[in-house]
Amino acid sequence: MSTTTATYTVVGMTCEHCVASVSEEVSAVAGVTAVDVDLASGLLTVSSDGSVDDAAVHAAVDEAGYEVAGPPTSK
């Protein structure tokens with residue numbers, strides 16, 4: 001399997017606690033192998049084996065109390 005990454009813009013994060021909440025929720029999504037959240041830019045980068053389940057990532061971010069703005073960019 002190849003590793004896929006997708007980058008999302010998350011709105012509403014203001015502190016490191018926000019970053020930790022988003023990281024924890026998205027890390028629990030099936031198939032996700034790595035999560036990187038940049039507070040300054042609001043970017044969430046998700047790596048997974050195979051394709052990233054966008055709906056599951058959106059749901060995880062929502063569960064953490066934040067919102068994904070716009071479609072992801074993938075590599």
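# Exercises on a predicted protein model

The mean pLDDT of the protein is 93, and 97% of its residues reach 70 or more; pLDDT is the predictor's confidence in each residue, from 0 to 100. This is a predicted model, in which local features need pLDDT of at least 70 and side-chain atom pairs count only at pLDDT 80 or more, while totals for chains, interfaces and linings use all residues. Residues are numbered from 1 along each chain as its sequence is written, and side-chain values use heavy atoms, with hydrogens and water left out.

## Exercise 1. The fold

Task: State how many helices and strands the protein has, and in what order the elements run.

Solution.

Step 1. The protein contains 2 helices and 4 strands. Helices (H or I, at least four residues) and strands (E, at least two) are DSSP runs, numbered from the N terminus.

Step 2. Read from the N terminus, the order is β-α-β-β-α-β.

Step 3. Confidence is highest in H1, at 98, and lowest in strand E4 (residues 67-74), at a mean of 86.

## Exercise 2. Overall dimensions

Task: Determine whether the radius of gyration agrees or disagrees with that of a compact globule.

Solution.

Step 1. The radius of gyration is taken over C-alpha atoms, and the globule rule is 2.2 Å times the number of residues to the power 0.38.

Step 2. For 75 residues a compact globule would have a value near 11 Å; the protein has 11 Å, so the two agree.

Step 3. The C-alpha trace spans about 35 × 20 × 20 Å along its principal axes.

Step 4. The accessible surface comes to about 4100 Å², of which carbon and sulfur atoms hold 51%; such areas come from the Shrake-Rupley method with a 1.4 Å probe, and for residues only the protein chains shown count as cover.

Step 5. Of the 75 residues, 39% count as buried. Buried means under 20% relative accessible area, exposed over 50%, and partly exposed in between (1.4 Å probe, protein chains only).

Step 6. Among contacts with a separation of 6 or more, 65% come from residues 24 or more positions apart. Contact means heavy atoms within 4.5 Å.

## Exercise 3. The core

Task: Identify which residues of the largest nonpolar core touch the most other members, and which elements give two or more residues to this core.

Solution.

Step 1. A nonpolar core is a set of buried Ala, Val, Leu, Ile, Met, Phe, Trp, Tyr and Cys residues joined through side-chain atoms within 4.5 Å.

Step 2. The largest core holds 20 residues, and those touching the most other members are Tyr8, Val22, Leu44, Val46, Val61 and Tyr66. Two or more residues come from each of strand E1 (3-11), helix H1 (16-27), strand E2 (32-38), strand E3 (43-49) and helix H2 (54-64).

Step 3. With residues up to four places away in sequence not counted, Val22 touches Met13, Val37, Leu44, Val61, Ala64 and Tyr66.

## Exercise 4. Tyr8

Task: Describe where Tyr8 is found and which residue its side chain joins in a polar contact.

Solution.

Step 1. Tyr8 is found in strand E1 and is buried, with a relative accessible area of 0%.

Step 2. Beyond its neighbours within four places in sequence, Tyr8 is in contact with residues including Gly42, Leu44, Val52, His58 and Pro72. Tyr8 and Gly42 are 34 residues apart in sequence, yet 8.3 Å apart in space, C-alpha to C-alpha.

Step 3. The side chains of Tyr8 and Asp54 form a polar contact of 2.5 Å. A polar contact is a pair of N or O atoms within 3.5 Å; within protein, one must be able to donate a hydrogen and the other to accept it, and residues adjacent in sequence count only if both atoms are side-chain atoms.

## Exercise 5. Two residues of strand E3

Task: Decide whether Ser48 is buried or exposed, and which class Leu43 belongs to.

Solution.

Step 1. Ser48 lies in strand E3, and so does Leu43.

Step 2. Because its relative accessible area is 2%, Ser48 is buried; Leu43, at 32%, is partly exposed.

Step 3. The side chain of Ser48 reaches the backbone oxygen of Gly50 at 3.2 Å.

Step 4. Leaving aside neighbours within four places in sequence, Ser48 is in contact with Ser2, Thr3, Thr4, Gly31, Val32 and Thr33, whereas Leu43 touches Thr7, Tyr8, Thr9, Asp36, Val37 and Asp38.
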